[in-house]
Amino acid sequence: MAHAPATWRRTGLAAECSLAMLRTSIIDQPGSNESLFARFRFCKAAELTATPGLYCVELEHLAGPDTEYWFVDGPTEHDSNGAIRWSLSKDQLLLHWHGSGDDIQKSARSAYADLLAMMQQLGFPHITKGWNHIPLINEGDADLERYRQFCVGRAEALDRADPLADRSPPAGTAVGSSSDSAFQVFVLAGKRPPVPLENPRQVSAYKYPRQYGPRSPSFSRASYQSGNNLFVSGTAAIAGHESIPSATLSKQVDETMVNWLALLDASQDSLGTGFDLSDGDSFRLYLRHRADLSPTLAQLQQNGLDLDKVIALRADICRSELLVELDGVLRKR
Ligand code: 3EB
């Protein structure tokens, strides 16, 4: 094996004898031992409120499936406490926090602190992936931009929870919602730390230089969990640490796919399991401009993406020059 990250050595391959199965799908069809763990819809949270296991992502749905289904092995329980709702199976925990994002640094810190405390209490102390939906993400200048403030709050909460662990951060997605939406954080958590995967074409986000904000973003490019799932972080047109210059839409889509393929190419050497695009069960496409939908979908299809599995959403991306971002969940069968 080439370069094994620290968490990999700590976790150890031999310990991974049982698979913590999670299967995302755009079809509502559980397998024989599976239960429905979560359903994601794309709408205003108020429309759904408290239906157990139903989670609302407050982003405008543009195209593709309108629901993402998550299935797990064995039964699922749903519960809630304060601002947090969750779904729990024997090996997976999904939590959703929502609240105001007015003071986004403080909100991010308290959201992550609350989530980490609940995870600890339920016996799932490790974040596999976080999905962050931040109202007005690009408002504010330079270091006061709300995305950068979010990064500070998130980093503070993660530091405080585990100050001595030099682990890589979890996978992540951070995209913007409209001014009248809640600040939402979804976290998938596990009993053991996931294995991080970095992209050889990109500087690790947690090592981005100071020019992008007071605290570099706490996320890994992907995380690999218990033998079968790969959670790919929001991936955009960034090479090294810079957004690609003269970034027309089609160049950004190309660069995004080149990044995806480079990341997946690294999976065999880094993880011992090679993933490719056809292992994807579900993808979320984030577009800054509605009008970019058709050309983007056409280009993604040319790049080998199965559009039946692509949920297209209207969202702001965390750097104002970025027009498009793509994340997804892959699975070895
Ligand atoms: C980037 O590559 C684009 O802050 O959690 C992508 C995925 C981005 C996750 C995060 C940010 C985050 O830097 C931005």
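**Exercise 1. Ligand surroundings**

In this predicted model, state which residues come nearest among the 13 around the ligand, then give the polar side-chain distances to ligand oxygen for Y147, Y208 and R221.

Solution.
- Step 1: The nearest of the 13 residues around the ligand are Y147, R154, Y208, R221 and C318.
- Step 2: For Y147, a polar side-chain atom is 2.6 Å from an oxygen atom of the ligand.
- Step 3: An N or O atom in the Y208 side chain lies 2.7 Å from a ligand oxygen atom.
- Step 4: For R221, the separation between a side-chain N or O atom and an oxygen atom of the ligand is 2.9 Å.

**Exercise 2. Packing of two helices**

Describe how α2 and α3 pack, and which residues make the contact.

Solution.
- Step 1: The axes of α2 (residues 104-122) and α3 are 7 Å apart, at an angle of about 35°.
- Step 2: The crossing of α2 past α3 is right-handed.
- Step 3: From α2, the contact uses I104, Q105, A108, R109, Y112, A113 and L116. From α3, the contributing residues are R146, Q149, F150, V152, G153, R154, E156, A157, L158, R160 and A161.
- Step 4: Sorted by class, this contact of α2 with α3 contains 10 nonpolar, three polar and five charged residues.

**Exercise 3. Placing D162**

Locate D162 and decide whether D162 is buried, partly exposed or exposed.

Solution.
- Step 1: D162 sits in the loop that runs between α3 (146-161) and β10 (171-177).
- Step 2: The relative accessibility of D162 is 38%, so D162 is classed as partly exposed, a class that lies between under 20% and over 50%.
- Step 3: L116 is 46 residues from D162 along the chain, and their C-alpha atoms are 9.9 Å apart.

Conventions. Residues are numbered from 1 along each chain as its sequence is written. This is a predicted model: local features need pLDDT of at least 70, side-chain atom pairs count only at pLDDT 80 or more; totals for chains, interfaces and linings use all residues. Side-chain values use heavy atoms; hydrogens and water are left out. Helices (H or I, at least four residues) and strands (E, at least two) are DSSP runs, numbered from the N terminus. Buried means under 20% relative accessible area, exposed over 50%, partly exposed in between (1.4 Å probe, protein chains only). Axes are lines fitted to C-alpha atoms, for helices over the stretch in contact, and angles run from 0 to 180 degrees between N-to-C directions. A crossing is left-handed if the near helix is turned anticlockwise from the far one by less than a right angle, and right-handed if clockwise. Contact means heavy atoms within 4.5 Å. Ala, Val, Leu, Ile, Met, Phe, Trp, Tyr, Cys and Pro count as nonpolar, Asp, Glu, Lys and Arg as charged, and the others, Gly among them, as polar. A residue is near a molecule or strand if one of its heavy atoms lies within 4 Å of it. A polar contact is a pair of N or O atoms within 3.5 Å; within protein, one must be able to donate a hydrogen and the other to accept it, and residues adjacent in sequence count only if both atoms are side-chain atoms.
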